[in-house]
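Student: Could you take me through one part of this model closely? I would like to look at the nonpolar core and at the strands and helices around it.

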Amino acid sequence: MSKKPFYITTPIYYPSGDPHIGHCYTTVACDSIARYKRMQGYDVMFLTGTDEHGLKIEQKAAEKGVTPKEYVDVIVDKFQKLWKYMNISYDRYIRTTDDYHVEAVQNIFKALYDKGYIYKGEYSGKYCTPCESFWTESQLDENGCCPECHRPVKFAKEEAYFFKMAPFADRIEKLLLETDYLRPKTRATELVNNFIKPGLEDLCVSRTSFTWGVPVSFDEKHVVYVWIDALSNYITALGYENSAHSDYDKYWPADVHMVAKDIMRFHAIIWPAMLMALDLPLPKHLAVHGWITMNGEKMSKSLGNVVDPFVLGERYGQDAIRYHILREMALGADSLFSNEIMINRINSDLANGFGNLVSRTVAMVDKYFGGTLPTERKSAPLDDEFRSVVTGLLPEVDKYIDETKIKQALEEIFKVVDRANKYIDETEPWKLGKDDAQKPRLASVLYNLLETIRITSALLAPFMPTTMPEVWKQIGASEEDVKYDNLGKFDVLPANVTVHKGEILFPRIDVDKEIDELNDILRKNMEAAQAKLSAEEKGEEAAAPIELAPEITIDDFAKVEIRVAKVVACEKVKKSDKLLCLQLDDGMGGRQVVSGIAQYYTPEDLIGKKLQLIANLKPVKLRGVDSNGMICAADTPDGVKVIFVDDSIPVGSKIR
């Protein structure tokens, strides 16, 4: 009998920086669902990957002095190492630079063009490079910035191809409001009111201002807009319009796409429109989750409020980190991350709750029965109620997994864990163990606890796959004992089961000590990021742009006063790893300038050197130190290089 297929996908990640804990939720969540479905007997296809094209990648590669492919190869390797470390069991990994995907995207674009849904025109409007998103004036935020990332947008005007969206507006509105496609449903009204009711505008689907993308096969000065390219991965990875794979008929339509809320619009509106235009079935569900936030802000490398999952995993184990991020986030809502919340969750649920249940139970079997339970038992009325609670767990977890509500599924499991710990308090096995006549009753209690651990650990295995096999060793459970078909019933373990004491599963964490250490790590990350941002805002470490800024006149340039100055003294700024404080002879009485170059130069490297000074820059304070100007430096593949001046040029000389 063939297994029923189940197809689940993460979005493909945009490799514009190192991965951090904020990237982990979607992949860990999809991995947990995929593992659960495999446990249920489904034939699972779990897809993830990387979205590697677009202007932002081209720019970042140029900043590094490498090709775009070389740039993404390094970061993709980091993502794949993270997924391996977090025990992610994906079945297929797609890169949008894969030849078969490029071929398929070209075929999809041509098919939409041949059907009359794509036409050539001219794009003129606002574009957010970091989000790779086009926006109308009415969609910008109150500051005229991107409504998603709230960074400045640029005016863009170029020849482009457009995809007709209006023909699909009514069908998409019904999809969102009248079906179970979007989860949670509360997001549907937001999308309809913001994008469909005002009138779906045709979507710009090609660019000519950069080259890092899939070329349009019949007009190669155009590259395919990154979201058409990226969204197509869900079917190209199965073999649609290519010969690399042959799984499309088996797995499509997808059972679950899971994405974060910032890319919901693309998956809820553009992706269905593309599929409708191609006459292809729509995915069954789009599950939209919130962000992992810190201090109310989305985790961001640029803000420095990111947490390295490798650091956390080494301290507490991958499973504890997986459990924490899954347990804290309700579908559709943001999840607040803090070191305090994480450590308290690990201590309360894993150390004091589940881990304590396992260690207490195994220790009592070992203490009172030498590790092997006797077969003589004596039940009590309390046992029937307790066993019914445990055997009733499976359908509840099944329901929440089917609804992509992982937080609620874990809550149900830990209700039973809590009930089991309460059962220990109710039955008082330490008292039963003192009376030989009560040994049959004690054996019954401990067997009930072992069965509870068997069931709860098996249901936890998709979420914490590394630790649960160790639990099964300790309670004497076989692979057969923890199969899905045995999780809704008792009396599966052998009556004379033998336990094996092992290591503590989740050691209790010293809260004060750990929070201090983790907060110190986070503080250093944020200080470094903020110093970098401060310097970049003053132009000191700005990356060489690929796209030029708007043209200026000679009169504009004349407003910038660049003078030769000599470094007469220099020292590090206290409590900063990046800032140097320079005392300059500028030919005008001297001045002080703060620059974020400490990781590239020592004070001794600079003293006595002549350099270029922006002399009329408005004074600012950096880390509480006055800075009156800016020194000129260049970004290179080897780091920041100060632009020095020939020593024969007098200080104060104007550079023009």
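Tutor: Happy to; we will start with confidence, move to the core, and then take the sheets and a helix.

This is a predicted model, so a word on confidence comes before anything else. The protein chain has a mean pLDDT of 89, with 92% of its residues at 70 or more. The exception to keep in mind is residues 536-547, where the pLDDT is below 50, although this stretch has 30 contacts in the model beyond near neighbours in sequence. Where pLDDT is low, predicted coordinates should not be read in detail.

Now to the core. The largest nonpolar core has 186 residues, and the members that touch the most others are F163, L176, W252, Y316 and F354. Helix α13, spanning residues 339-369, is the biggest contributor to this core, giving 13 residues. Y316 is a good place to zoom in: setting aside neighbours within four places in sequence, Y316 contacts I321, M342, I343, I346, I509, E514 and L518. There is also a second, separate core of 17 residues, with L582, V593, L606 and V642 among them.

F163, one of those well-connected core residues, leads us to a sheet. Strand β6 covers residues 154-163 and is joined to β8 by two bridges, the two strands running antiparallel. The bridge partner of F163 in β8 is L203. These strands belong to an open sheet of four, ordered β5-β4-β6-β8 and paired antiparallel. At its edges are β5 (133-135) and β8 (203-204), each pairing on one side only.

A sheet of six strands is worth setting beside that one. This open sheet runs β3-β2-β1-β11-β12-β7, and its pairing is parallel. Its edge strands are β3 (92-95) and β7 (182-183); each has a single partner strand, so one side of each is left without a neighbour in the sheet. Within this sheet, β11 (residues 256-260) and β12 (residues 286-289) run parallel and are joined by four bridges. One pairing to find on screen is V259 with its bridge partner V288 in β12.

Finally, a check on helix geometry. Helix α16 (residues 406-427) has 22 residues, which at 1.5 Å a residue should span 32 Å; the C-alpha atoms at its ends are 32 Å apart, so the two values agree. Just after α16 comes E428, which takes a positive phi of about 50°.

Key. Residues are numbered from 1 along each chain as its sequence is written. This is a predicted model: local features need pLDDT of at least 70, side-chain atom pairs count only at pLDDT 80 or more; totals for chains, interfaces and linings use all residues. Side-chain values use heavy atoms; hydrogens and water are left out. A nonpolar core is a set of buried Ala, Val, Leu, Ile, Met, Phe, Trp, Tyr and Cys residues joined through side-chain atoms within 4.5 Å. Buried means under 20% relative accessible area, exposed over 50%, partly exposed in between (1.4 Å probe, protein chains only). Contact means heavy atoms within 4.5 Å. pLDDT is the predictor's confidence in each residue, from 0 to 100. Two strands pair if DSSP finds at least two bridges between them. The expected span of a helix is 1.5 Å times one less than its number of residues.
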